[in-house]
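Work through the three exercises below with the structure open. Each task is followed by a stepwise solution.

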Amino acid sequence: MSTDGPSIPSRAVPFETASTLPPAPAAPGWTWLSLLLAAAGLASGVLAWNKVQSMQEVLAQQTAQANAQAQQAQTAAKEAQDQVLAANARLTVAEARLAEVSLQRGQLEELVHKLSRTREDTLALDLEAAMRLAVQQAQLTGSTAPLIASLKSASKRIEGAAQPSLVLVQRAMERDLERLRQAPIVDTTSLLTRLDEVLRLIDDLPLQNGLPTAPEDLAPARHTTAPSAQSEPATGWQWWQTRSAALWQGLRKEAGSLLRVSTISGPEAALLSPEEGVFLRENLKLQLLNARLAILGRQYSAAITDLAAVQASLDKYFVAKARRTEGAKTTLIQLQEQLRTSQQPSLDDTLTALANATAIQE
């Protein structure tokens with residue numbers, strides 16, 4: 001109990017009286033502690049504020065630097081864009097010039113190719129003309145010397161030109177040259193002489209329906225010796241024997257002129273009249289002359305054809321067993337065989353190779 005009076009129960013004290021009571025005095029230690037804490041909080045706030053301020057300044061500087069760098073990047077990007085546009089423009093010009101140069105190069109290559117092809121064509125045509133001229137000269141002269149000289153000259157020209165497309169032509173020329181060197185020489189004079197002999201025999205050949213052929217014409221000629229002069233005078237019996245033999249020969253000759261027996265191989269020969277026989281002989285002469293011209297012109301195939309036709313006519317219309325007919329036929333057969341083995345060498349390989357080379361270049 002206190003000295004101030006009796007204690008009043010708390011239920012008896014009203015609310016307004018309790019609120020109006022003066023506060024109890026605080027302790028001094030707690031006040032200073034609160035001040036220290038407040039000062040520390042204030043110092044921390046100041047420090048935090050300073051730190052935030054410094055961070056804001058750094059951020060502002062970095063932002064300014066970033067803005068400057070962005071401005072520089074924009075400037076550099078713009079410059080780069082300008083450079084790209086300029087480079088694109090230069091590239092477009094360069095591409096146009098490149099296309100123009102490519103076009104000019106293509107035109108130049110085509111021109112060079114045409115020039116080279118024209119040169120090859122000219123050389124091939126020139127060689128072909130030279131070969132054909134050499135063939136004509138060989139046909140006129142009957143010698144292979146023009147062909148050999150022309151092939152040698154053409155081979156040297158191809159070697160000097162150094163054209164790869166004419167290598168096959170040069171090989172063909174070498175083959176033709178080797179064949180010409182091995183070809184036999186045609187004796188035209190001998191051929192014409194033997195042909196003239198047959199031409200002279202045409203008028204003397206006996207026709208199958210003509211006059212009978214004498215026995216001496218059917219067999220080889222026999223040499224009869226003349227009777228030796230008798231030193232003694234002929235007796236009466238010998239005189240009568242000689243006279244009877246002469247009379248028999250005369251009667252036989254007269255009977256032969258009245259009666260004639262001959263062998264005719266075909267109806268064409270039997271129906272041949274004397275006038276037609278004359279025309280037949282003239283036709284054979286013309287065929288032999290054509291063969292002569294063909295031999296002079298080195299047309300051996302045509303000459304062989306004409307000679308074979310003459311031989312067939314001899315077998316059909318003339319007496320086959322007559323000595324002159326057999327001689328003419330033998331000569332014709334020999335002439336044909338000689339002409340077949342004496343064919344004029346040609347330049348078919350060379351001309352074919354030249355034609356192929358010209359076709360490939362075109």
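**Exercise 1: a surface residue**

Leu37 lies in helix 2, which spans residues 28-141. The model is a predicted one.

Task: Decide whether Leu37 is buried or exposed, and find which nonpolar surface patch it helps to make.

Solution.
- Step 1. The relative accessibility of Leu37 is 57%.
- Step 2. Exposed means over 50%, so Leu37 counts as exposed.
- Step 3. Leu37 makes a nonpolar surface patch with Trp30 and Leu33. The patch covers about 370 Å².

**Exercise 2: Arg157 and its contacts**

Task: Place Arg157 in its helix, classify its exposure and list its contacts beyond four places in sequence.

Solution.
- Step 1. Arg157 sits in helix 3 (residues 145-161).
- Step 2. Its relative accessible area is 36%, so Arg157 is partly exposed.
- Step 3. With neighbours within four places set aside, Arg157 contacts Leu123, Asp126 and Leu127.
- Step 4. Take Leu127: it is 30 residues from Arg157 along the chain, and their C-alpha atoms are 8.9 Å apart.

**Exercise 3: the nonpolar cores**

Task: Which residues touch the most other members of the largest nonpolar core, and which helix gives the most to this core?

Solution.
- Step 1. The largest core has 25 residues. Leu288, Ile295, Leu307, Leu314, Phe318 and Leu339 touch the most other members.
- Step 2. Two or more residues each come from helix 5 (188-201), helix 9 (274-296), helix 10 (300-317) and helix 11 (323-341).
- Step 3. Helix 10 gives the most, with 7 residues.
- Step 4. Beyond four places in sequence, Leu339 touches Leu191, Ile295, Tyr300, Ala303, Ile304 and Leu307.
- Step 5. A second, separate core has 23 residues, including Ala134, Leu166, Leu180 and Ala353.

Definitions and conventions
Residues are numbered from 1 along each chain as its sequence is written. This is a predicted model: local features need pLDDT of at least 70, side-chain atom pairs count only at pLDDT 80 or more; totals for chains, interfaces and linings use all residues. Side-chain values use heavy atoms; hydrogens and water are left out. Patches are made of residues with over 30% relative accessible area and no salt bridge: like charges are joined within 9 Å, nonpolar side chains (Val, Leu, Ile, Met, Phe, Trp, Tyr) within 5 Å. Accessible areas come from the Shrake-Rupley method with a 1.4 Å probe; for residues, only the protein chains shown count as cover. A salt bridge is a side-chain nitrogen of Lys or Arg within 4 Å of a carboxyl oxygen of Asp or Glu. Helices (H or I, at least four residues) and strands (E, at least two) are DSSP runs, numbered from the N terminus. Buried means under 20% relative accessible area, exposed over 50%, partly exposed in between (1.4 Å probe, protein chains only). Contact means heavy atoms within 4.5 Å. A nonpolar core is a set of buried Ala, Val, Leu, Ile, Met, Phe, Trp, Tyr and Cys residues joined through side-chain atoms within 4.5 Å.
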